[in-house]
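Let's take a walk through this one together, chain by chain, and then look at where the chains meet. Keep the viewer open and turn things around as you read.

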Amino acid sequence: MSSFHMPARDRFRHEALLYAGWAEFVAGTVPFIRDGVRAGEPVLVVESADKIQMLRVALGDDAGAVLFADMADVGANPARIIPAWHDFVSRHGTGRRLRGIGEPIWKGRSADELIECQRHESLLNVAFGHGQPWWLLCPYDTEMLDELVIDEARRSHEFVTERSQVSSSEIFRGIEGSGAPFDVPLPERGTALEQLEFGPGDLATVRAMVLRGARSAGIEARAAELVTALNEIATNSIRHGGGNGTLRVWQEDSTLVCEVRDKGQFDKPLVDRERPAPTASAPRGLWLANQLCDLVQIRTLPDGTVVRLHMRRRPQQHLRVVPDTVGNPPAIN
Amino acid sequence: MGVADLLWNYWAAGGANIDERLESALGGGIVYADRHLVVTRTEEPDGLYFAGEIDVTNSHAVAESLGNASMGDADVHLDLSGLSFCDISGIRSLVDAAESRPTGRLMLHGLPVLLQTVMNVTGWSDLPNLRICNCEAGR
């Protein structure tokens, strides 16, 4: 009956857990974790702080053998989640199977964060689909999330469990399909505060413009990080994107956005989330942007590439509510 | 008149006629200069002082300055406290310079905090010939 006693698998297993309410969440995750712990498999759970608290209680003594990480920290920028799983698999997975739980999508995600989380879910197949065997379970809250989000989960996960029944997803897009260029156009929002066509001699001007944008958005404390990240994107345009590009800077309700368009093409789906090799010549710009910025959006279009860097204008409100009592956890919102 | 203003005058004059005040403000011989960056020789400790900005258009300045200053085989101290910006290509040029030295390390002083972060997250924090010093040996 339980989905957790399926025959062992010899490759990466990416499974969505569709749950409605806390009881279904616990029923879907606790046996999965417990089976892993009792089989001697390393288990990492990346969840919100309140769910971690609840799982610790539900697991009792078994919780001591489980690694926990707060998704609000690890996955604030969803492009940092795959490197975290890579670290887990490479540190703990030598000759062993592993298990993970990761819930990157919750109701409070902004529209831009949501779509990058969905991209992340697909890219997990590319990152691990041809590697060593491990089992990643991704809970989706069907009460809080839009039906379209659940549909997309069926495309990005090979297996789906709902109401304790596991099945192969008929609309899974496959490993190769998961790495297809991301060409979903980015919405045009607002009016640019400033726009600049830049070439090889204009990097200092580019940096000055981003600095002005950061000041006017009230995020001067993070201006240096944004300038450093954007400078690398503009440098890519100059060196690999046809020698020039267009920079636009604008404010949205909650973020400052800096966008670079050029004639280049990114042809490696994981280009921005693979830890740089130690060799001096290895590329580092997009990786760095993901470490410094709150969100990085990359789109490959027929006529070139668009990269947007987002910095939040106010600190993120994270899901850090700890339940008052174990039996009565708060609703997620 | 601050160093930045003096540098601006120097750049505005196309790099010619180094102002005596600039020379003394920088405290040593200029071994490299362009519109965004001036590198001067320091004596105690033996090394170079960087002031301005380094990006892909002038990151060659690191190797060039070390060459122009004809440094010996001992440790070389680079005071980076005057850098208002340094990109990945600039860090890469420091790494390359350190790795290409047959003996002696590159000791980095006054490294801005963000640069230290950048070196950590890009995997350049643990190199045998490149040391980040938080000591008082630099200026």
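Chain A is built from 10 helices and 12 strands. Bear in mind throughout that this is a predicted model. If you lay chain A along its principal axes, the C-alpha trace covers about 65 × 40 × 35 Å. Its radius of gyration is 21 Å, and that agrees with the value near 20 Å expected for a compact globule, because the chain has 333 residues. Of those 333 residues, 41% count as buried. Look at the contacts in chain A between residues with a separation of 6 or more, and 71% of them join residues 24 or more positions apart.

Now find the sheet with 5 strands in chain A. This sheet is open, its pairing is antiparallel, and going across it you meet the strands in the order β8-β9-β10-β12-β11. At the edges sit β8 (194–198) and β11 (295–301) of chain A, each of them paired on one side only. From one strand to the next, the twist averages 15°.

Start at the β8 edge. β8(A) runs antiparallel to β9 (residues 245–251) of chain A, and 5 bridges link the two. To get your bearings there, click on A:E194: its bridge partner in β9(A) is A:V249. Then look for helix α8 (residues 203–216) of chain A, which lies across β8, β9 and β10 (255–262) of that chain. Compared with β8(A), helix α8 runs at about 165°.

What about the inside of chain A? As a general matter, nonpolar side chains in soluble globular proteins tend to be buried together. Here the largest nonpolar core has 70 residues, and A:L226, A:L230 and A:L309 have the most contacts inside it. The element that gives the most to this core is helix α9 (residues 223–240) of chain A, with 8 residues.

A:L309 is a good residue to center your view on. Leaving aside residues up to four places away in sequence, A:L309 touches A:L226, A:A229, A:L230 and A:I233, and also A:C258, A:A289, A:C293 and A:V296. There's a second core too, separate from that one, with 41 residues; among them are A:V43, A:L124, A:F159 and A:V160.

A:F159 takes us to a hairpin. Strand β6 (residues 159–162) of chain A pairs with strand β7 (residues 165–168) of chain A in the antiparallel sense, over 4 bridges. The bridge partner of A:F159 in β7(A) is A:S168. Between the two strands of this hairpin there are 2 residues, and A:R163 takes a positive phi near 50°.

On to chain B. Here you'll count 5 helices and 6 strands. Following the sequence, they come in the pattern α-α-β-β-β-α-β-α-β-α-β. Of the 139 residues in chain B, 44% count as buried. As for contacts in chain B with a separation of 6 or more, residues 24 or more positions apart make up 65%.

The sheet of chain B is open and has 6 strands in the order β1-β2-β3-β4-β5-β6, with mixed pairing. Its edge strands are β1 (30–33) and β6 (130–133) of chain B, and each pairs on one side only. Ignoring direction, neighbouring strands of this sheet are turned by 20° against each other on average.

For a parallel pair, go to strand β3 (residues 47–54) and strand β4 (residues 76–86) of chain B, which are joined over 7 bridges. You can spot B:E53 standing opposite B:F85 in β4(B). Packed on the sheet is helix α3 (residues 61–68) of chain B, which touches β1, β2 (37–42), β3 and β4 of chain B. The direction of helix α3 makes about 160° with that of β1(B).

Finally, how do the two chains meet? On chain B, 16 residues are in contact with 20 residues of chain A. Two elements of chain B, α4 (88–100) and α5 (113–121), give two or more residues to the side that touches chain A. The largest share of that side, 4 residues, comes from α4(B). By residue type, the side of chain B that touches chain A has 7 nonpolar, 4 polar and 5 charged residues.

Conventions
Residues are numbered from 1 along each chain as its sequence is written. Chains are lettered from A and ligands numbered from 1 in the order in which they are written. This is a predicted model: local features need pLDDT of at least 70, side-chain atom pairs count only at pLDDT 80 or more; totals for chains, interfaces and linings use all residues. Two residues are in contact if their C-beta atoms, placed from the backbone, lie within 7 Å. Ala, Val, Leu, Ile, Met, Phe, Trp, Tyr, Cys and Pro count as nonpolar, Asp, Glu, Lys and Arg as charged, and the others, Gly among them, as polar. Two strands pair if DSSP finds at least two bridges between them. Axes are lines fitted to C-alpha atoms, for helices over the stretch in contact, and angles run from 0 to 180 degrees between N-to-C directions. The radius of gyration is taken over C-alpha atoms; the globule rule is 2.2 Å times the number of residues to the power 0.38. A residue is buried if 20 or more other C-beta atoms lie within 10 Å of its own, exposed if 12 or fewer, and partly exposed in between; C-beta atoms are placed from the backbone. A nonpolar core is a set of buried Ala, Val, Leu, Ile, Met, Phe, Trp, Tyr and Cys residues joined through C-beta atoms within 7 Å.
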